[in-house]
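Notebook open, structure loaded. I'll start with the overall fold, then go through the pockets and one arginine.

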Amino acid sequence: MEKNTVTSVDAGLSPQKTRRSMGAKASRRLSNTAIYIVLALITVIWLFPFFGILLESFRVETTQQVSYLWPKQFGFDNYIKLITKTDFMQWFVNTGIMGVATAFFQVFFILSVSYALSRMRFKGRQGLMNIMLILGMFPGFLTMILIYKVFAEAGLTMEMAPVGLIIVYCASSGMGYYVSKGFFDTIPKSLDEAARVDGATRFQVFYKVIMPMAKPIVIYTILMGFMAPWGDFMTASYIIHENSEGMNVAVGMYEWLSKTNLNEYYTTFCAGGVMVALPVTAVFLMLQKYYVEGVTGGAVKG
């Protein structure tokens with residue numbers, strides 16, 4: 001009798017549990033569908049300007065701005081003009097050199113400072129971190145007049161501006177230690193201690209033990225250093241001061257947006273925008289996995 005009662009109760013609850021389970025699944029599907037639709041709309045809105053620039057770069061019926069999106073005639077005239085009749089390639093090379101050099105030096109400075117602050121304990125460590133944090137809150141353009149005066153006396157403006165800009169990008173890069181230090185904090189200190197017991201120096205521990213485990217944060221630092229010169233306009237325009245030989249792509253292409261040049265160079269400007277986006281996009285897509293790991297890993301104890 002008791003067995004039959006238990007069986008009947010279980011049988012009565014099973015359909016209810018099944019309905020609840022089916023309802024929860026349907027609710028999740030509806031919620032996920034709504035999220036995917038919203039994300040798809042955001043993606044379309046976000047990519048639309050880039051799609052428009054891409055179409056404009058292949059439009060050859062006129063070089064001026066038009067009221068329609070789809071070109072009437074497609075061609076590579078704008079890219080040919082960009083490469084053969086402007087100084088764009090010089091600007092592109094300047095920016096590439098600055099990007100590679102900045103990435104190299106920033107990796108060394110940022111990771112060295114981050115490792116020292118993460119692993120070493122010394123007098124004034126916390127005060128130094130606080131000072132760097134406070135100084136990092138001030139915008140860089142506050143020192144532009146002084147920087148230009150010093151660089152002008154040293155001959156690092158105009159055609160030598162790329163060298164000066166590399167110094168600007170790297171000089172205070174060590175103050176951006178926050179993410180990297182947070183990543184190093186997640187690596188057990190017992191590894192350092194074991195290597196030190198085996199006779200390794202501080203540099204050997206850093207280079208041979210920690211760095212192989214810190215690939216994500218290294219890639220993150222390289223990406224940040226490489227992309228900085230591509231998008232910098234304010235500091236670059238101030239130091240370059242209208243000298244075409246030392247321009248980066250941002251400053252050089254901005255000259256085409258003036259009232260006197262816009263009608264002639266508008267589609268060329270769009271072609272240049274596509275060319276500028278290609279290396280950054282390619283590098284980011286190839287290293288996206290490590291970039292995400294570096295950001296999330298550094299946020300754990302940053």
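Running from the N terminus, I read the elements as α-α-α-α-α-α-α-α-α-α-α-α-α-α. That comes to 14 helices and 0 strands. Note to self: this is a predicted model.

Next I checked burial and surface. Of the 302 residues, 34% count as buried. The accessible surface is about 18,500 Å², and carbon and sulfur atoms hold 68% of it. I also looked at contacts with a separation of 6 or more: 73% of these are between residues 24 or more positions apart.

Then the pockets. The largest one has a volume of about 990 Å³. It has 31 lining residues, and V168, Y169, S172, S173 and M175 are the closest to its centre. I sorted the lining by class and got 20 nonpolar, 10 polar and 1 charged residues. Helices that each supply at least two lining residues include helix 3, helix 6 (161–171) and helix 10 (215–231).

The second largest pocket has a volume of about 590 Å³. I find 17 residues lining this one, with F50, I53, G273, V274 and A277 nearest its centre. Helix 13 gives the largest share of that lining, 8 residues. By class I get 15 nonpolar, 2 polar and no charged residues.

Last, R119. I placed this residue in helix 3 (residues 88–119). Is R119 buried or exposed? Its relative accessible area is 8%, so I log R119 as buried. Leaving out residues up to four places away in sequence, R119 touches F184, D185, I187, P188, K189, D192, R202 and I210. I also noted a 3.3 Å polar contact between the side chains of R119 and S118.

Note on methods
Residues numbered from 1 in each chain as written. Predicted model: local features only at pLDDT ≥ 70, side-chain atom pairs only at ≥ 80, totals over all residues. Heavy atoms only, no water. Helix = DSSP H or I, 4+ residues; strand = E, 2+ residues; numbered from the N terminus. Buried < 20%, exposed > 50% of the residue type's maximum accessible area, 1.4 Å probe, protein only. Polar contact = N/O pair within 3.5 Å; in protein donor to acceptor, adjacent residues only side chain to side chain. Contact = heavy atoms within 4.5 Å. Areas by Shrake-Rupley, 256 points an atom, 1.4 Å probe, with all protein chains shown as cover. 1 Å grid on protein atoms, 1.4 Å probe; cavity = no way out; pocket = protein on both sides within 12 Å on 5 of 7 lines; lining within 4 Å. Points joined across faces, edges and corners; volume = space filled by probe spheres on them. Nonpolar A, V, L, I, M, F, W, Y, C, P; charged D, E, K, R; others polar.
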